[in-house]
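Visitor: Could you take me closely through one loop, and then work outward from it to the parts around which the rest of the fold can be described? I would like the backbone details as well as the packing.

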Amino acid sequence: GKGMRVVSNIEEFDVQLNGAKREAINAFGDDRVLIERYVTRPRHVEIQVFADTHGNCVYLFERDCSIQRRHQKVVEEAPAPNLDPHTRRRMGEAAVAAAKAIGYVGAGTVEFLLDEDGSFFFMEMNTRLQVEHPVTEYITGQDLVEWQLRVAAGGPLPLNQDQLSIHGHAIEVRLYAEDPQKGFLPQTGRLEHLVFPPEGAFVRVDTGVRSGDTISIHYDPMIAKLIVWAEDRPSAMRRLRTALSQTQVVGLRTNTEFLLAIASHPAFLAADLDTRFIERHQTELLPEPAPVGDDVLALAALGVLLDRSAKARARAAASGDPYSPWAGNDGWRLNDDAHDTLTLRDGGTDRAVHLIYRRGGYRLTLPGGAVEATGQLAEDGNLSVDLGGLRTSATIIRRGADITVFHQGGSHRLTLIEPLAGVDDAEASGGKLIAPMPGRIIAMLVEPGAEVTKGQPLIVMEAMKMEHTIKAPAKGRIEKVRYAVGDQVEDGAELIGFEEA
């Protein structure tokens with residue numbers, strides 16, 4: 001997908017051509033461009049092939065990789081849904097013919113665009129074992145890495161075409177450090193907390209990181225691949241949703257909830273797939289952030305209160321007078337109910353949770369009303385609660401004032417506002433345009449003194465396999481340009497001084 005642009009009208013041809021050439025020269029050292037027909041609603045279907053040094057070559061069926069963003073795959077499944085046996089055989093035989101024509105040896109993938117009328121077009125061949133190979137392993141029962149070793153040692157393929165068959169359905173999703181709400185902007189930072197679903201015969205997690213590791217600018221921002229298998233596609237989708245709901249990441253933004261939205265979308269359930277799936281369903285897949293509900297506010301507040309209580313008990317036990325009233329943490333007031341108020345920032349809005357201390361619990365007054373609440377908080381953040389007689393559970397992860405609540409498959413980020421902790425030092429960028437991520441400047445499109453309009457491209461940055469264009473936030477004037485083409489910049493660095501008209 002690097003160096004690829006779609007041109008829908010002649011007026012934008014030069015701009016898109018220059019972008020494609022620039023991206024290609026940076027990625028491959030070659031800016032030559034091919035012009036091809038654009039298929040408007042294709043599926044991306046690829047065939048896994050394997051060849052040995054004895055002239056044998058087979059196809060291990062197909063994978064549907066239609067759900068993509070920026071021409072990069074997000075969801076892969078095997079076999080491709082709603083693919084008739086005749087088309088499957090034609091595509092498989094075409095892939096084998098391509099591999100044989102070049103004397104190919106080893107694992108490879110021949111990629112096609114499949115049009116709605118059943119015609120298909122060759123795109124490329126990847127001469128390696130791909131990221132999505134586990135779904136093929138699941139449905140065929142074969143270990144493709146073992147096949148590679150056998151072929152490399154000069155042996156024949158373990159099976160011939162007639163011995164290969166499809167069993168069940170497998171789906172893989174790519175868990176990325178990225179912000180879907182900001183155009184899938186890659187994220188960098190430390191993985192403060194990382195939990196994957198339990199692995200077993202039907203759930204597999206491929207990853208190279210763990211809690212405490214850092215996602216840097218030097219590698220692709222993929223955190224892990226989550227792969228599931230079941231007897232049929234509906235069962236595999238249910239298993240996928242469960243696996244995603246058990247995945248927890250704190251420290252940087254990820255696409256976990258976006259993947260869960262895809263796995264729950266009616267069009268995905270109906271296998272109505274094409275390479276513009278995300279664009280067509282963007283409103284449902286990427287809804288505007290909504291305020292957290294009373295249940296999440298209650299869970300976050302309980303997490304704070306129970307944590308404070310545990311720490312108070314620990315301090316009292318370690319002191320010389322564990323029964324001192326000064327060691328209490330119950331909001332005691334003279335001639336009044338023991339009460340307190342927690343302020344939790346939800347996005348840009350402060351939400352107050354008023355509480356009265358009860359014996360063994362609390363009475364929480366939330367935006368939607370009051371509720372009696374009790375709970376137990378484990379050291380690992382697992383929280384068991386009773387909210388007005390309704391029992392539920394969540395995971396609460398705190399890093400300083402930041403609170404992440406994992407509840408019913410969703411994650412919610414809040415900030416505890418401590419009045420005595422000091423003034424909120426968050427600063428708006430004001431008349432500055434800052435780098436949204438660490439990266440390299442690859443194009444400077446304006447000079448000091450230039451008058452610009454809202455949305456006009458100013459700088460193009462490259463980081464983590466993608467380009468990001470920084471545009472003017474409003475009509476105004478460029479006061480100062482602080483970096484040049486080729487410069488490496490840090491996240492948050494001021495790139496341009498900007499004066500709004």
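Guide: N82 is found in the loop between β5 and α2, and everything said about this residue, as about the rest, refers to a predicted model. The backbone of N82 has a positive phi of about 60°, although the residue is not a glycine. Most residues other than glycine have a negative phi, and most peptide bonds are trans. N82 counts as exposed because its relative accessibility is 63%, the cut-off for that word being over 50%.

The loop between β5 (75–78) and α2 (85–101) also holds P79, which is joined to A78 by a cis peptide bond with an omega of about -5°. A positive phi, near 60°, is also found at F184, again a residue other than glycine, in the loop between β9 (178–179) and β10 (185–186). F184, however, counts as buried because its relative accessibility is 9%, whereas N82 counts as exposed.

From these loops one can turn to the packing. The largest nonpolar core has 39 residues, and those with the most contacts inside it are I67, I223, I262, F268 and F277. Two or more residues of this core come from each of β8 (169–176), β13 (203–207), β15 (222–230), α5 (233–245), α6 (256–264), α7 (266–269) and α8 (277–280). Leaving aside residues up to four places away in sequence, I262 touches I67, V74, V75, F268, F277 and L285. Another core, of 31 residues, lies apart from this one and includes V296, V304, Y357 and L364.

Strand β15 is mostly covered, with eight of its nine residues buried. It runs antiparallel to β8, to which eight bridges join it, and I171 has V228 of β15 as its bridge partner. Five bridges pair β15 with β13, again in the antiparallel sense, and here R204 is the bridge partner of I227 in β15.

Helix α4 (residues 144–152) offers a view of burial along a helix, its buried residues being L144, W147 and V151. Seen down the axis of α4, these buried residues fall within an arc of 45°, so they line one face of the helix. An α-helix has 3.6 residues a turn, so residues three or four places apart point the same way. The buried residues of α4 pack against β1 (43–51), β2 (57–64), β6 (106–114) and α3 (133–140), while L149 and A152, on the other side of α4, are exposed. At the N-terminal end, D143 caps α4 with a side-chain oxygen that lies 3.0 Å from the backbone nitrogen of V145, and just after the helix G154 takes a positive phi of about 95°.

Further along the chain, eight strands close into a barrel in the order β17-β18-β19-β20-β21-β22-β23-β24, with antiparallel pairing. The twist from one strand to the next averages 35°. Within the barrel, β20 (residues 369–377) and β21 (residues 382–387) are paired in the antiparallel sense over five bridges, and L377 stands opposite L383 in β21. Helix α10 (residues 294–318) lies across β17 (339–346), β18 (349–358), β19 (361–366), β20, β21, β22 (390–399), β23 (402–407) and β24 (410–417), and runs at about 140° to β19.

Methods. Residues numbered from 1 in each chain as written. Predicted model: local features only at pLDDT ≥ 70, side-chain atom pairs only at ≥ 80, totals over all residues. Heavy atoms only, no water. Pairing = 2+ DSSP bridges. Helix = DSSP H or I, 4+ residues; strand = E, 2+ residues; numbered from the N terminus. Axes fitted to C-alpha atoms, helices over the stretch in contact; angles between N-to-C directions. Contact = heavy atoms within 4.5 Å. Buried < 20%, exposed > 50% of the residue type's maximum accessible area, 1.4 Å probe, protein only. Core = buried A, V, L, I, M, F, W, Y, C linked by side-chain atoms within 4.5 Å. Arc of directions from axis to C-beta. Polar contact = N/O pair within 3.5 Å; in protein donor to acceptor, adjacent residues only side chain to side chain.
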